[in-house]
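Here's a quick walk through one structure, written for someone who likes to check contacts by eye. Have the viewer open as you read.

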Amino acid sequence: MNLDMYLRGHVAAKIRPLYIKSKCEHCNSTDDLHLHHVKPFVKIVDKVLNKFNLELKDSEDYTEQERYLIVSCVLSEHLNGEYLTLCPQCHYNVHEGNKKRRASLSDAQKQRLKQIRLEQKEKLKQQKLDELNQQRVELIDQQLNLRLSSQEFKQLAEKLNFKRNRKLVKNPIDEIQELGYTIIKKRINGYDYKIITKTTLDKSQVSWYN
Ligand SMILES: [Zn+2]
Ligand SMILES: [Zn+2]
């Protein structure tokens, strides 16, 4: 059987009862209600196949294990889905409307849409990074103006190197500087100290900077 058909059977049995409403959400008809996927069904299937590096085949051409994997993942993807209950006519209209909208887009508009989607993705990524950096800034703020010996500084640097963000961490010293802090060295009572400060210092104006 065509994989989509096969999976739609599982969705009809397990997912439809969870989401179907008692009347069409567009016209209130109660006849032969369909569950419309706001995120297209085929996209969900493709996502799952991609995840396991599987090709699209007829359902019986997969191993039993593969089929089990596909069915369970497609069903679990459906649990976060968005659906509309629609009568056949409204369902048809929604799909036709989508088709027309897509067909009427010029190549330039399609390109632009793609661009917007990419930019949104990038923005989200940046927001996450900013949040992480904010956490680090807070940590540094607590330590601000503390005079640290080399050993203490090393400990602080290690602390900044949050384990769960290991990928983001380059050299902690670089990171501190990227966050707008300056590390200055100062010799006090014969000992070298590294001081983290928020003030941007012009090295030439600080006689004891080395
Ligand atoms: Zn639909
Ligand atoms: Zn309807």
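Pro 88 touches Asp 32 and His 34, once residues up to four places away in sequence are left out; touching, or being in contact, takes two C-beta atoms, placed from the backbone, that lie within 7 Å. Pro 88 sits in helix α5 (residues 88–104). Helices here are DSSP runs of H or I with at least four residues, strands are E runs of at least two, and both are numbered from the N terminus. The model is a predicted one, so local features need pLDDT of at least 70 and side-chain atom pairs count only at pLDDT 80 or more, while totals for chains, interfaces and linings use all residues. Residues are numbered from 1 along each chain as its sequence is written, and chains are lettered from A and ligands numbered from 1 in the order in which they are written.

With 13 other C-beta atoms within 10 Å, Pro 88 is partly exposed. For the cut-offs: 20 or more other C-beta atoms within 10 Å of a residue's own makes it buried, 12 or fewer makes it exposed, and anything in between is partly exposed, with C-beta atoms placed from the backbone. There's a long-range link here too: the C-alpha atoms of Pro 88 and Cys 24 are 64 residues apart along the chain but separated by 9.0 Å.

Glu 25 tells a similar story. Glu 25 is found in the loop between α2 (16–19) and β1 (34–37), and counts as partly exposed, with 14 other C-beta atoms within 10 Å. From Glu 25 to Cys 90 is 65 residues in sequence and 8.9 Å in space, C-alpha to C-alpha. Leaving aside neighbours within four places in sequence, Glu 25 is in contact with Leu 84, Thr 85 and Leu 86.

Now for the backbone oddities. Most residues other than glycine have a negative phi. Asp 32 goes the other way, with a positive phi near 40°. The place of Asp 32 is the loop between α2 and β1, where Asp 32 is exposed, with 11 other C-beta atoms within 10 Å. Asn 53 isn't a glycine either, yet has a positive phi of about 60°. Look for Asn 53 in the loop between α3 and α4; 6 C-beta neighbours inside 10 Å make Asn 53 exposed.

How do the helices pack? Two pairs are worth a look, and α4 is in both. Axes are lines fitted to C-alpha atoms, for helices over the stretch in contact, and angles run from 0 to 180 degrees between N-to-C directions.

| Pair | Axis separation | Angle |
|---|---|---|
| α1 (residues 3–14) and α4 (residues 64–78) | within 10 Å | roughly 50° |
| α3 (residues 41–51) and α4 | 10 Å | about 130° |

At that angle α1 and α4 are oblique to each other, and so are α3 and α4. Under 35 degrees counts as roughly parallel, over 145 as roughly antiparallel, 65 to 115 as roughly perpendicular and the rest as oblique. The α1 and α4 crossing is right-handed, and α3 passes α4 in a right-handed crossing as well; that label applies if the near helix is turned clockwise from the far one by less than a right angle, and anticlockwise would make it left-handed.

Which residues do the meeting? On the α1 side, Leu 7, His 10, Val 11 and Lys 14 face Val 71, Val 74, Leu 75 and His 78 of α4. For α3, Ile 44, Val 45, Lys 47, Val 48 and Lys 51 meet Ile 70, Cys 73, Val 74, Glu 77 and His 78 of α4.

The largest nonpolar core has 7 residues: Leu 3, Leu 7, Val 11, Ile 15, Val 48, Ile 70 and Val 74. Such a core is a set of buried Ala, Val, Leu, Ile, Met, Phe, Trp, Tyr and Cys residues joined through C-beta atoms within 7 Å. Elements giving two or more residues to this core are α1 and α4, and the largest share, 3 residues, comes from α1. Beyond four places in sequence, Leu 7 is in contact with Val 45, Val 71 and Val 74. A second, separate core of 5 residues includes Cys 24, Leu 33, Leu 86 and Cys 87.

Zooming out, the protein chain has 8 helices and 5 strands, in the order α-α-β-α-α-β-α-α-β-α-α-β-β. Of its 210 residues, 10% count as buried.
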